[in-house]
Amino acid sequence: INVKQIYRTGYHFQPKQNWINDPNAPMYYKGYYHLFYQYNPKGAVWGNIVWAHSVSKDMINWIPLDPAIVPSKPFDKYGCWSGSATILPGNKPVILYTGIIDKKPAPGYQVQNYAIPANYSDPFLRDWIKPDDNPIVKPTYENVSSFRDPTTAWFNNGHWKMIVGSKHKHRGIAYLYRSRDFVKWTKAKHTLHDKPGTGMWECPDFFPVSSYGQAGLDTSVLKAGVKHVFKVSLDMTRFEYYTIGTYDKIKDKYYPDNTSIDGWAGLRYDYGNFYASKTFFDPVQNRRILWGWANESSTSYEDVAKGWAGIQLIPRMVWLDPRGKQLLQWPIHELETLRGDNVHLSDVKLNKGDVVEVKGITPAQADVDVMFSFSSLDEAETFDPEWSKLPSENLALEICGITGTKQGGLGPFGLLTLASNKLEEYTPVFFRVFKTLDNTYKVLMCSDATPSSLNKNEYKPSFAGFVDVDLSAKKLSIRSLIDHSVVESFGEGGKTVITSRVYPTIAVAKDAHLFLFNNGTETVTVKSVDAWSMKSPKFMN
Ligand code: DQQ
């Protein structure tokens, strides 16, 4: 293979070439899942943005189509930016998206447009019409260059409602708009939600979840026992955060629960490389699916040399954790159809310093599911009280940066993914358990790119999040989706998720290895590990 192509993913969504970013308007229509995404037809850097389009029966095998929405009208002359789909009564999809009408002021003058299918009988929805009464929403303030990414609309009290992400000074804002006919939209007097000090809110998402069970809800559903999730992508930190809360449909206001931190220290879908995400309701399997984009962590020089940049992560099912304080996420079950050769081990003891190889699969393209257990919490390291003084939005990350895989008490234990045989390179995904002075436990999950590559030019961040788990069962699990240059890891059944992009130089293709490790004084048992070689989808591009 071409040396530049060792980082292409085998089963994560990618077009043949060029730059991609945000997933747009995911939806299901007449037998097919549709994925649109921000795409530069002319190169491997951001620019010339159009909506590329692919369809799929299972969100794993894809049929690429021609771009669906491209600049062609005065109201989107300089770019077709992110947006969403809403399915109107009668199974009629409509897309709302941001059009750039002028290059100035930078990054562009933004309005909201709609597009409708040219032919409803085409399940691929290849052709879209942009009616001449566009734009349907114009910016009203001095925020003409910070006013974008309309959401899927929801319906109540005789109106469709949608939000547009924005900011005013440093306040992040979700402006609310209402319409009876989906064409004439009126700005509400108040916002759906806003928050000082958070900067521009990109790609807001707002949707209901049931209090119990894994079933998803269509975006307009509002009844007893329904909570709402509000998510934004923060331009300033390049992370997303969400809260769980209540939507008051009379006041048309969203109120985060007091168990959710509303700000940079809040919950994240993913504590790693994951941005501009969007959910949709899948009416066929009654679930809500989350799509997110991971950019490259390499230099743009390298992106241009390899001819592409950006991947879409594996779609995740999302639902409310039974305790109601966070979401859970899990890769869609369709991914399992790609599982090939399997290795299963059970009851493997890992003493301090042990590194055990998992052999018999293709470690560069794999799915690994492992359950660790331990017999006592006594060895947990002390949570340094000094750490509490660190900025709370980065606490987990700071601690992971300080401790890494250095010897601990209960942990670090976990996986060494994309590892070279002699461990010159590896991306560790692991837990460390800490005990605070008031005798509570803090479980840290890390995905640390620092040792991932000998290439000095790469950006190799360590990422980390806390796992809100009751340790009385004395077990912790990790599932990692490993795919050449991406490691997507789900801690404790999807309580904490971390994605890293990495560029090993030795641990590539057949020279990549997978190990289990423990570097804590407490012996840890691998109750079970299942690892699969992953096949590549039949048609991807
Ligand atoms: N990407 C789009 C914008 C959005 C940003 C432009 C988020 O609409 O705010 O490509 O990554």
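**Reading a two-domain, strand-rich model**

Tutor: The protein is divided into domain 1 (19-331) and domain 2 (340-534); these bounds come from an automatic or database domain assignment. This is a predicted model: local features need pLDDT of at least 70, side-chain atom pairs count only at pLDDT 80 or more, and totals for chains, interfaces and linings use all residues. Residues are numbered from 1 along each chain as its sequence is written.

Student: How many residues does each domain give to the contact?

Tutor: Two residues are in contact if their C-beta atoms, placed from the backbone, lie within 7 Å. Here 23 residues come from domain 1 and 25 residues from domain 2. On the side of domain 1 that touches domain 2, strand S24 (residues 327-331) gives the most, with four residues. That side has twelve nonpolar, seven polar and four charged residues. Nonpolar covers Ala, Val, Leu, Ile, Met, Phe, Trp, Tyr, Cys and Pro; charged covers Asp, Glu, Lys and Arg; the others, Gly among them, count as polar. The C-alpha centres of domain 1 and domain 2 lie 32 Å apart.

Student: What radius of gyration does the protein have, and what would a compact globule have?

Tutor: The radius is taken over C-alpha atoms, and the globule rule is 2.2 Å times the number of residues to the power 0.38. For 541 residues a compact globule would have a radius of gyration near 24 Å; the protein has 23 Å, which agrees. Its C-alpha trace spans about 70 × 55 × 40 Å along the principal axes.

Student: How many helices and strands are there?

Tutor: Helices (H or I, at least four residues) and strands (E, at least two) are DSSP runs, numbered from the N terminus. The protein has two helices and 37 strands.

Student: Which strands stand at the edges of the sheet S5-S6-S7-S8?

Tutor: Strands of a sheet pair through backbone hydrogen bonds, either parallel or antiparallel. In this account two strands pair if DSSP finds at least two bridges between them. The order S5-S6-S7-S8 is an open sheet of four strands with antiparallel pairing. S5 and strand S8 (128-129) are at the edges with a single partner strand each, so one side of each is left without a neighbour in the sheet. Two bridges join strand S7 (residues 109-117) to S8, and Pro117 has Trp128 in S8 as its bridge partner.

Student: Is strand S17 mostly covered or exposed?

Tutor: A residue is buried if 20 or more other C-beta atoms lie within 10 Å of its own, exposed if 12 or fewer, and partly exposed in between, with C-beta atoms placed from the backbone. Strand S17 (residues 239-248) is mostly covered, with eight of its ten residues buried. In the protein, buried residues make up 50% of the 541 residues.

Student: What does S17 pair with?

Tutor: Strand S16 (residues 226-234) pairs with S17 in the antiparallel sense over seven bridges, with Ser233 opposite Glu240. The hairpin of S16 and S17 has four residues between the strands, and Arg238 takes a positive phi near 60 degrees. S17 is also joined by four bridges to strand S18 (residues 253-256), again antiparallel, and Asp248 stands opposite Lys253. That hairpin too has four residues between its strands, with Asp252 in the turn at a positive phi of about 55 degrees.

Student: Which residues are closest to the ligand?

Tutor: A residue is near a molecule if its C-beta atom, placed from the backbone, lies within 6 Å of it. Of the 14 residues that surround the ligand, the closest are Gln38, Trp81, Ser82, Glu202 and Ala276.
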